[in-house]
Amino acid sequence: MIDYSKIVSPVVSALPPSGIRKFFDIVAEMKDAISLGVGEPDFTTPWSIREEGIYSLEKGHTHYTANAGLMELREAICDYNERKFGVTYNPKNEVVVTVGGSEAIDLMIRAIIRPGDEVLIPEPCFVCYKPCTIMAGGTPVPIETKEEDEFRLLPEQLKAKITDKTKLLILPYPNNPTGGVMSRKDLEAIAEVLKGTDVMVLSDEIYGELRYSEEGHIPFSKLDGMWERTVVVNGFSKAFAMTGWRLGYALGPKEIISLMTKIHQYGIMSAPTTAQYAAIEALKNCDDDVEEMRKEYNYRRRYIVDGFRAMGLSCFEPLGAFYVFPCIKSTGMTSEEFCQNLLNEEKVAVVPGNAFGESGEGFIRCSYAYSIENIQEALKRIERFVARHRGE
């Protein structure tokens, strides 16, 4: 018998599984269950995008593309970012098309992190930053953001964490899981701390189109002096409802993008060709579709925040993404206990806040990328659950 414990990587073996998927896998086999757990739009990809994907197959576009992606797509990505956000990139060497935004995150971290380098990660945050850092040999350094600060990264927090080992700051705004955003003023304060350092920035802007405040999304690379130190990660899953197409991209200085492309070349070759042709249509002709989905998310956002507050759970108002992050400390349960008991008793799946870092303890993440009918029924069940346990 082979003793696999002596063969497998101890680094990978020690990584915990995703806390998001745990409850999703359970609810998938539970009759009459409702899930608010997964960050996936309930909208079908707009028809014109699907149609372009179909046409690409009919036309026989079934071969590899360039490693960095179709030139037409890279041009469309750069045009879109200049048109929407006012940032300029060269499609020839400052963009790489990836298999989802998650691959772009992994590529950027692996391209610059050496063993022992420190990566600053504001938490609560998306679950992949820390494992990707560890697998690259880096040391994740969490920075706790707080509800009273609207889960923003404060400049004094950042300054206190920077050491001579700091290589990278991950800037995950709009934020998953909290829905928190950073204003231009907030970002400028962060930029001021970084000036004069060699700290790079991975700005995860996958939810940039889903912002509900009057001030639109501000790319970090747009700020004075930040373009040269920033790699922007974005993609098509959230804004364009293209999760299953698995397509993302990274924008940044050619010196970094070339290294990311090299890793991508050996590990992936190229992103799915059909998805790339579909994405060109998304960027060029689907602004109205994105706006319609954003309006619907905004309606659901207000509804679900009001629902949690009405049942007596404090709930920070998220101004980005499609998540709420209500505080459940008043119930006396831990995040894990709350989620497990809610699933068992009321058949509603949400994600424990500590899945997104230790500072998420005492909170739960609920996605409102679900139908209003599902949200309404889920809130009824959660309210019943909270009332019952408060009465015990």
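Which residue of β6 is the bridge partner of Ile170? In this predicted model, the bridge partner of Ile170 is Leu202, a residue of strand β6, which spans residues 200-204. The pairing belongs to a set of four bridges that join β6 to strand β5 (residues 166-171), the two strands running parallel. On the connection between them, β5, helix α8 (residues 184-194) and β6 make a right-handed β-α-β unit. Strand β6 is also joined by four bridges to strand β7 (residues 230-235), again in a parallel arrangement, and here Ser203 stands opposite Val232 of β7.

The burial of β6 was examined residue by residue. Five of its five residues are buried, and both faces of the strand are covered, with Met200, Leu202 and Asp204 on one side and Val201 and Ser203 on the other. Leu202, the partner of Ile170, and Ser203, which stands opposite Val232, thus belong to opposite sides of β6, each of them covered.

Two pockets were characterised. The largest pocket has a volume of about 660 Å³, and of the 30 residues that line it, Pro16, Lys130, Asn354, Ala355 and Gly357 are the closest to its centre. At least two lining residues are supplied by each of α2 (19-27), β3 (118-123), α6 (129-135) and β4 (139-144), and the largest share, five residues, comes from β4. By class, the lining of the largest pocket divides into 19 nonpolar, five polar and six charged residues.

The second largest pocket holds about 540 Å³ of space, and among the 28 residues that line it, those closest to its centre are Gly39, Ser102, Phe126, Tyr207 and Lys238. Two elements, α2 and α5 (100-112), give two or more residues to this lining, with α5 giving the most, namely four residues. The lining of the second largest pocket comprises 13 nonpolar, nine polar and six charged residues. Helix α2 therefore recurs in both descriptions, since α2 supplies at least two residues to the lining of the largest pocket and two or more to that of the second largest.

Finally, the cysteines were inspected with a cut-off of 2.5 Å between sulfur atoms, and the count comes to zero disulfides. For Cys125, which is in no disulfide, the nearest cysteine sulfur is that of Cys128, 8.4 Å away; Cys125 is buried, with a relative accessible area of 3%. Cys128 is likewise in no disulfide, the nearest cysteine sulfur being that of Cys132 at 4.3 Å, and Cys128 is also buried, with a relative accessible area of 13%.

Technical notes. Residues numbered from 1 in each chain as written. Predicted model: local features only at pLDDT ≥ 70, side-chain atom pairs only at ≥ 80, totals over all residues. Heavy atoms only, no water. Buried < 20%, exposed > 50% of the residue type's maximum accessible area, 1.4 Å probe, protein only. Pairing = 2+ DSSP bridges. Right-handed = clockwise from strand over helix to strand, strands pointing away. 1 Å grid on protein atoms, 1.4 Å probe; cavity = no way out; pocket = protein on both sides within 12 Å on 5 of 7 lines; lining within 4 Å. Points joined across faces, edges and corners; volume = space filled by probe spheres on them. Nonpolar A, V, L, I, M, F, W, Y, C, P; charged D, E, K, R; others polar.
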